[in-house]
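Biologist: Could you take a close look at the cysteines in this model, and then carry on from there to the aromatic rings and the packing around them? I would like one connected account.

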Amino acid sequence: MVKVTLISHTPNPEATVAAAAKLCYSPSTIETIMDGLTPEKTASFVEMLSEIGHESPIEHVSFTFGVEGISRACSHQLVRHRIASYSQKSQRYVSEDSFEYVIPPEVEAIPEAKEEFIRQMEAIDEGYKRLANLLTEQHKKVFISEGLEEKEAEKRAKKKAFEDARFLLPNACETKIVVTMNARSLMNFFRHRCCNRAQWEIKEVADQMLSLVLGVAPNLFKNAGPSCVSGGCPEGKMTCGKIKEVREFYKEMK
């Protein structure tokens with residue numbers, strides 16, 4: 001199950017954005033930039049930036065999320081958002097013996113399909129274990145021949161075996177990742193990944209991220225969401241055709 005946690009964020013994110021905007025539009029000094037930024041004034045600055053499309057000040061705040069319960073198929077989509085930082089559980093250094101995996105809802109809904117899916121995952125797991133063991137034994141012999149004690153040789157051999165055994169692992173394999181994005185990148189992420197046409201898993205990640213940041217910066221993200229929340233649908237003939245429902249969903253979220 002997808003779970004997103006907001007690990008940390010820039011303190012007072014909306015005040016930071018407002019201060020950056022204030023510097024652009026007033027003769028304030030750095031020493032006085034935070035003066036007079038009441039909650040009302042801060043909200044006014046943030047709203048003004050949204051209205052005029054001035055997005056660079058919102059790059060000064062960032063949010064760090066922990067994402068778990070997603071598949072490698074999902075994480076490969078996530079890391080395509082390049083203005084961000086990522087730290088992901090390594091299949092090279094961490095054993096995937098008896099790995100967890102994500103079952104797509106469409107597969108889950110059909111008993112026969114689910115049964116076949118699980119059977120294939122179990123077969124891959126067994127293959128991974130066998131391959132890792134074969135590689136470990138070979139690497140261990142080499143390390144011992146190079147003068148390592150048996151215990152240390154086996155430890156290193158196992159680590160080295162993971163590197164090649166991982167090639168058997170499926171896109172369904174569960175992973176964990178830490179993601180940091182600035183607010184401007186998050187806005188772009190939400191426009192693309194909150195859309196109904198986004199793959200179901202990354203849409204769930206995006207929706208949970210949006211819900212979390214709304215809790216700490218509601219004014220900053222009040223217009224965030226898929227493109228159709230604040231404008232027309234950019235998908236053309238590929239549109240989901242449910243703009244009214246989508247707008248209502250994100251209105252209720254906020």
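Modeller: I begin with Cys173, which counts as buried, because its relative accessibility of 0% falls under the 20% limit. This is a predicted model, so everything that follows is computed from predicted coordinates. The cysteine sulfur closest to that of Cys173 belongs to Cys74 and lies 13 Å away, which is too far for a bond. Cys240 is likewise in no disulfide, the nearest cysteine sulfur being that of Cys233 at 6.3 Å. Because a disulfide requires two cysteine sulfur atoms within 2.5 Å, the count comes to zero disulfides. As for its surroundings, Cys240 is partly exposed, with a relative accessible area of 33%.

From the cysteines I turn to the aromatic rings, of which a search of the whole structure finds six pairs. In one of them, the rings of Tyr101 and Phe117 have centres 6.2 Å apart and planes at 55°, so this pair is classed as tilted. Tyr101 belongs to the loop between β3 (85-88) and α4 (105-108), whereas Phe117 sits in helix α5, so the pair ties together parts that are 16 residues apart in sequence. Tyr101 counts as partly exposed at 27% relative accessibility, while Phe117, at 18%, counts as buried.

Another aromatic pair, formed by Phe190 and Phe221, is edge-to-face, with 6.2 Å from centre to centre and 75° between the planes. Here Phe190 lies in helix α7 (residues 183-193) and Phe221 in the loop between α8 and α9 (243-253), so the pair ties together parts that are 31 residues apart in sequence. Phe190 is buried, with a relative accessible area of 0%, and for Phe221 the relative accessible area is 0% as well, so that residue is also buried. Ring pairs further link Phe190 and Phe221 with Phe63 and Phe189 into a cluster.

These two phenylalanines also lead into the packing, since the largest nonpolar core has 44 residues, and Phe190, Met209 and Phe221 are the ones that touch the most other members. The largest share of this core, seven residues, is contributed by helix α8 (residues 200-216). Leaving aside residues up to four places away in sequence, Met209 touches Val4, Phe65, Val67, Val179, Leu186, Phe189 and Phe190. There is also a second, separate core of 14 residues, and Val107, Met121, Ala165 and Leu169 are among its members.

Helix α8 appears again in the packing of helix α1, whose buried residues pack against β1 (3-9), α2 (39-52), β2 (62-71) and α8. Those buried residues of α1 include Pro13, Val17 and several alanines, but also Glu14 and Lys22. The helix itself covers residues 13-25, and its 13 residues reach 19 Å from the first C-alpha to the last, close to the 18 Å expected at 1.5 Å a residue.

Finally, I return to helix α5 (residues 111-145), where Gln120 lies. Gln120 is partly exposed, with a relative accessible area of 39%, and a polar contact of 2.7 Å joins the side chain of Gln120 to that of Glu116. From C-alpha to C-alpha, Gln120 and Pro170 are 9.8 Å apart in space, although 50 residues separate them in sequence.

Notes. Residues are numbered from 1 along each chain as its sequence is written. This is a predicted model: local features need pLDDT of at least 70, side-chain atom pairs count only at pLDDT 80 or more; totals for chains, interfaces and linings use all residues. Side-chain values use heavy atoms; hydrogens and water are left out. Helices (H or I, at least four residues) and strands (E, at least two) are DSSP runs, numbered from the N terminus. Buried means under 20% relative accessible area, exposed over 50%, partly exposed in between (1.4 Å probe, protein chains only). A polar contact is a pair of N or O atoms within 3.5 Å; within protein, one must be able to donate a hydrogen and the other to accept it, and residues adjacent in sequence count only if both atoms are side-chain atoms. A nonpolar core is a set of buried Ala, Val, Leu, Ile, Met, Phe, Trp, Tyr and Cys residues joined through side-chain atoms within 4.5 Å. Contact means heavy atoms within 4.5 Å. The expected span of a helix is 1.5 Å times one less than its number of residues. Rings of Phe, Tyr and Trp (its six-membered ring) pair if their centres lie within 6.5 Å; planes under 30 degrees apart count as stacked, over 60 as edge-to-face and the rest as tilted.
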